[in-house]
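Trainee: Could we go through some of the labels people put on a structure? I'd like to know what backs them up.
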Amino acid sequence: MLRTYRDTLSLLGPALPVVSFLGRLPTAMCQLGSLLLVAETSGSLATAGLTGGALAAGQTAAGPVIGRLADRHGQRGIVLAASLANAVAVTALVLAALAGAATGPLMALGALAGATVPQVGPLARTRSVALARRSGADDRLVGAVLSFEGTLDEVSFVLGPALVGLAAALAHPAAALLLAALLLAVCGTAFALHPTARALAPAVSTRTGAAERTRLPGSAHALRATMVLQGAMFGASQAGITALTEELGAPAQAGLVYAAMGVMSAAVGLSMAAVPARIGLTTRWRAATAGLVVLSAPLLLVDSLIALYAVVVVLGAAYAPHLITVFGLTERTVPAARLAESMAFLTSGIVGGQALALALSGRLAEGHGAPAAFAVAVGAAAACAVLSWTVRAASPVRELRPAA
């Protein structure tokens, strides 16, 4: 496994993982940061929730569009424009909140901040896989690349909210969002202009066979659906954790519990490179979804903080295998001309599913307690399992486009 990751780092180089990690960190900071900022400046949790919801909606709707534009026109110009636009939008949201703007303008700026997210995570995956395929790497190394990228995502989504919480405690939530804007402008630009952007040239359309090259197999839509369900698990788990820690008189523990789950998921994600190549992606998908069901079911019974930590941390071990495997299956089944769009759709699906489930589960938790929210998570896990056992992934499609 260590040798595989040495090969991965040698393939990607030292700079690309750093700038891609710092470039995707603001995405993990802005959701919580916008909620805390608007709640503090407006004094209204409802306004904060509407602003955060608008941000999530903007990202969910526009993410695949940015991915599609990157497929068609190359990553460099698209990521550069989106990074700078996102930095401006986030800064405008901060200034408007500090100025006491009304709910409508805050929602509009939140939606703009979400819609301009440069999708560094999905595009980094696309770029890294392209580098691996162009170097003649086997499926094992491609799997290691996806595991590595998945771990960067997991760490960013643990570290991002932690940075926001720290900034809010030591200074003001605005400081966290201004830091996010700075990272977007600097590291998003660095990722856009990194020489590896040439690994994927813009898709070249021809009249003959264009539809066949870009048509998505039915299994790709099932993979997108399972990522929405995975996002629903995240949202429902977050609502349940928040509700239970409040019931137990320890609301400050909610973030730590969720972070512990993320740390476990990241650690297991790195270990995925050690899974023998003879265990195919479909088998891994089914095993991962079975793990989601089995390991999420105990959430319905937890009634203490210690039990919550134990169950949630163990559940985190099933998250990364599912996420990494679905990204791997998508890489193997969609046409290369739509890979960035598909990767962005998966990430946007997680965001959208999480936002919807958080809203629904939060209401259920208020009326019926934490088990009601956790029941949504278990139901989403069961639906993931049904998809994995009823959908057959299409044969690999690996058209490679020439370098720019």
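Mentor: Sure, we'll take the labels one at a time and check each against its definition.

Mentor: This is a predicted model, where local features need pLDDT of at least 70 and side-chain atom pairs count only at pLDDT 80 or more, while totals for chains, interfaces and linings use all residues. Residues are numbered from 1 along each chain as its sequence is written, and side-chain values use heavy atoms, with hydrogens and water left out.

Trainee: Why is Ser147 called buried?

Mentor: Buried means under 20% relative accessible area, exposed means over 50%, and partly exposed is in between (1.4 Å probe, protein chains only). Ser147 has 2%, so it counts as buried. It sits in helix H7, residues 139-170; helices are DSSP runs of H or I with at least four residues, numbered from the N terminus.

Trainee: What does Ser147 touch?

Mentor: Skipping residues up to four places away in sequence, Ser147 touches Tyr5, Gly269, Met272, Ala273 and Ile324. Contact here means heavy atoms within 4.5 Å.

Trainee: What makes Arg24 and Glu149 a salt bridge?

Mentor: The rule wants a side-chain nitrogen of Lys or Arg within 4 Å of a carboxyl oxygen of Asp or Glu. For Arg24 and Glu149 the closest N and O atoms are 2.8 Å apart, so the pair fits the rule. Arg24 is in helix H2 (residues 15-42) and Glu149 in helix H7, so the pair ties together parts 125 residues apart in sequence.

Trainee: Which residues are linked with Arg24 in a network of salt bridges?

Mentor: Arg125, Glu149 and Asp153 are linked with Arg24 in that network. Asp153 and Arg24 form a salt bridge with their closest N and O atoms 2.9 Å apart. Arg24 has a relative accessible area of 3%, so it is buried, and Asp153 has 14%, so it is buried as well.

Trainee: How do you know that the span of helix H15 agrees with what it should be?

Mentor: The expected span is 1.5 Å times one less than the number of residues. Helix H15 (370-390) has 21 residues, so it should span 30 Å, and its end C-alpha atoms are 31 Å apart, which agrees.

Trainee: What makes Phe374 stand out in the largest nonpolar core?

Mentor: Such a core is a set of buried Ala, Val, Leu, Ile, Met, Phe, Trp, Tyr and Cys residues joined through side-chain atoms within 4.5 Å. Of the 98 residues in the largest one, Phe374, Phe191 and Leu308 touch the most other members. Helix H13 gives the largest share of this core, 12 residues.

Terms used:
Helices (H or I, at least four residues) and strands (E, at least two) are DSSP runs, numbered from the N terminus.
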